[in-house]
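Hello,

Here is the structure I promised to pass on. Have a look at it first, and then read my notes below.

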Amino acid sequence: MTNEPQQGDNSLLQQDGNQENRMHWPYPAGFAHRLGGALAPENTLAGLLLSHRLGVSGVECDVQLSADGKAVIAHDAELERCTTGNGPLGAQTLAALQQLDAGRYFHPAFAGETMPSLAQLATRCRKLGMAVNLELKPAGDDAAMARQCVAEIAALWQGAALPPLLSSFSLPALAAAQQAAPQLPRALLLTQLSDEAVAQALALGCRAVHVYHRALTAEWVANLHQQSLAVMAWTVNRSEDMQRLRQWGVDMLCTDRPDRLEPGWA
């Protein structure tokens, strides 16, 4: 028996009869960036468990492919910054990647923490009832990478009440995801907002846009909602910024400080 959130309707966006142009959005308001934010080694199960203990019910993380075509959770294309390995991540098999230490760089207390596979993450998230935003990282042939990752994502979350929310800066990756698994909701990642960027998100069938928080205004949030797009602000670490963005109606906050999320946002 798992603790997956229950949702009676598969429709992710539904018009709210009490608020014109507002919509029901089933994902939590608070997401821990790279699973544990600044409180744990990034993109590790240790970070995921810490976020869960804090009462956070949403996590964001990055997905790439190993040399043998397995989806793994990691941000960088190179191994040096966060692991005891070196060179391109994509040149190593999953088995080799999971022999690396992915926790010691952060603090000796996390020595022995490994790079999780997507399958390990899915098992843990579904057991804990945690929503997840999976960022598809650009990797040369973005479309081929996305097709392979999304096939694995769809299989691992098959039958889930709340599917993962896919996001990417890459238009080819999102287009491939739309073709491979149209049932999985998608979001376009943006550092700046423009009418052209919003049109691209809509053309790709995106349900949301994920925007660098300093690029957002109250007017932009209202405009995006009018076009039935949910809004995530990233990466928001100051409590006063979180408060202001929520007052503007931002649907989701991604943060390195999940400990600063208010209970109602988690």
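**What I found**

A chain of 266 residues would have a radius of gyration near 18 Å if it formed a compact globule, and this chain has 18 Å, so the two agree. Please keep in mind that this is a predicted model.

Some overall numbers to start with. Along the principal axes, the C-alpha atoms fill a box of roughly 55 × 40 × 35 Å. The chain contains 8 helices and 11 strands, and 54% of its 266 residues count as buried. Among contacts with a separation of 6 or more, 56% are between residues 24 or more positions apart. The accessible surface is about 11,500 Å², with 48% of that belonging to carbon and sulfur atoms. As for charge, there are 19 positive and 26 negative side chains, and the centres of these two sets lie 5 Å apart.

Now for one helix that you may enjoy looking at: α3, residues 118-128. Which of its residues are buried? They are L118, L121, A122, C125, R126 and L128. These residues cover an arc of only 165° around the axis, so they sit on the same side of α3. The face turned away from that buried side carries the exposed residues T123 and K127.

What covers the buried residues of α3? The cover includes two helices, α1 (45-53) and α4 (142-156), along with the strands β4 (58-65), β5 (71-73) and β6 (131-136). After α3 comes G129, which has a positive phi, near 70°.

Happy exploring, and best wishes

Technical notes
Residues numbered from 1 in each chain as written. Predicted model: local features only at pLDDT ≥ 70, side-chain atom pairs only at ≥ 80, totals over all residues. Heavy atoms only, no water. Helix = DSSP H or I, 4+ residues; strand = E, 2+ residues; numbered from the N terminus. Rg over C-alpha atoms; globule rule 2.2 N^0.38 Å. Buried < 20%, exposed > 50% of the residue type's maximum accessible area, 1.4 Å probe, protein only. Contact = heavy atoms within 4.5 Å. Areas by Shrake-Rupley, 256 points an atom, 1.4 Å probe, with all protein chains shown as cover. Lys, Arg positive; Asp, Glu negative; His and termini not counted. Charge placed at Lys NZ, Arg CZ, Asp CG, Glu CD. Arc of directions from axis to C-beta.
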